[in-house]
Amino acid sequence: MLTVHHLGISQSERIVWLCEELGLDYEYKRYSRREDNRLAPDEYKALHPMGIAPVIQDGDLVLGESGAICEYIDRKYGAAKHCLDVSHPDFADHLFWFHFTNGTFMTNGMMQLMLSMAEPKNPMPAEFVADRTAKAWTMVEQRLGEAEFFGGSQLTLADIMMVYCITTARMFRDTTLDEMPNTAAYLQRIGQRDAYKRAWEKCEPGIPPHLT
Ligand SMILES: N[C@@H](CCC(=O)N[C@@H](CS)C(=O)NCC(=O)O)C(=O)O
């Protein structure tokens, strides 16, 4: 039995959403963040050597890292429905956005958040990260003006990965969608998906999704 361990307000919402898109039968466990430091509780940290969300279990397998988990589940239980084959015209775009998510977008967003808390004496790191982050958001807005989904004409793992960054992760930042009509329209489309609604209700009951 596949078990998805979700940490409240975290990247593990991606995995729940994917399971709902695939209509899988899976066990779901939710953990709240610690009150004192907002990190994962000890019970969650004990699941995997990194101690961060998401984590899944599948028989004897314990797997971390969102991208790896998404691909594992989609290929093993979803007939690769959200992965594009090399022969697909959108293959390269799908790959780019799938890897861009954690390789560049999340990384720079996290660095920016940490630097804003650290008040470093040298302004160079903050400027470096701000430049990359601004470029990344510009690319997001452009992409969603040219394609219906990050991966092209259909929902792929690129979307499952990216949506967290432009919704829930924005709860901790001051990025607004005021100047990003394509991104705003995309999020409205995502928010209308039954699977997304079910996943969000499971993950964060009582809290509206950050779609605007
Ligand atoms: N690259 C990792 C990042 C995982 C990560 O940083 N998870 C955060 C939640 S968004 C976490 O577990 N924070 C709680 C903690 O560090 O205790 C992935 O995509 O799985």
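## Ligand contacts

In this predicted model, a polar side-chain atom of S66 lies 2.6 Å from an oxygen atom of the ligand. Taken alone, the ligand exposes 520 Å², and the protein buries 82% of that area. Two further side chains approach ligand oxygen atoms through an N or O atom: that of K45 at 2.6 Å, and that of Q11 at 3.0 Å.

## The surrounding shell

The ligand sits in the largest pocket. Around the ligand are 15 residues, of which K45, A53, E65, S66 and N102 are the closest. By residue class, the shell around the ligand comprises seven nonpolar, four polar and four charged residues. K45 and S66 thus appear in two descriptions: they are among the closest residues of the shell, and each has a side-chain atom 2.6 Å from a ligand oxygen atom.

## Annotated domains

Two domain features come from the UniProt record, an unreviewed entry. The feature "domain: GST N-terminal" is placed at residues 1–81, and "domain: GST C-terminal" is placed at residues 87–209.

The secondary structure of each span may be stated in turn. Residues 1–81 are 32% helix and 23% strand, with the end C-alpha atoms 20 Å apart. Residues 87–209 are 67% helix and 0% strand, and here the end C-alpha atoms lie 35 Å apart.

## Backbone features

Most residues other than glycine have a negative phi, and most peptide bonds are trans. Two sites in the model depart from these patterns.

The first concerns a peptide bond: the one from A53 to P54 is cis, with omega near 5 degrees. P54 belongs to the loop between helix 2 (42–45) and strand 3 (55–58). A53, on the other side of this bond, is also one of the closest residues to the ligand.

The second concerns R38, a residue other than glycine whose phi is positive, near 65 degrees. R38 is located in the loop between strand 2 (27–31) and helix 2.

Technical notes: Residues are numbered from 1 along each chain as its sequence is written. This is a predicted model: local features need pLDDT of at least 70, side-chain atom pairs count only at pLDDT 80 or more; totals for chains, interfaces and linings use all residues. Side-chain values use heavy atoms; hydrogens and water are left out. UniProt positions are given in the numbering used here, feature names are shortened, and annotations may be inferred rather than shown by experiment. Helices (H or I, at least four residues) and strands (E, at least two) are DSSP runs, numbered from the N terminus. A residue is near a molecule or strand if one of its heavy atoms lies within 4 Å of it. A polar contact is a pair of N or O atoms within 3.5 Å; within protein, one must be able to donate a hydrogen and the other to accept it, and residues adjacent in sequence count only if both atoms are side-chain atoms. Accessible areas come from the Shrake-Rupley method with a 1.4 Å probe; for residues, only the protein chains shown count as cover. On a 1 Å grid over the protein atoms alone, a cavity is a set of points where a 1.4 Å probe fits but cannot get out, and a pocket is an open set with protein on both sides within 12 Å along at least five of seven lines; lining residues have an atom within 4 Å of a point. A molecule sits in a cavity or pocket if more than half of its atoms lie within 2 Å of its grid points. Ala, Val, Leu, Ile, Met, Phe, Trp, Tyr, Cys and Pro count as nonpolar, Asp, Glu, Lys and Arg as charged, and the others, Gly among them, as polar.
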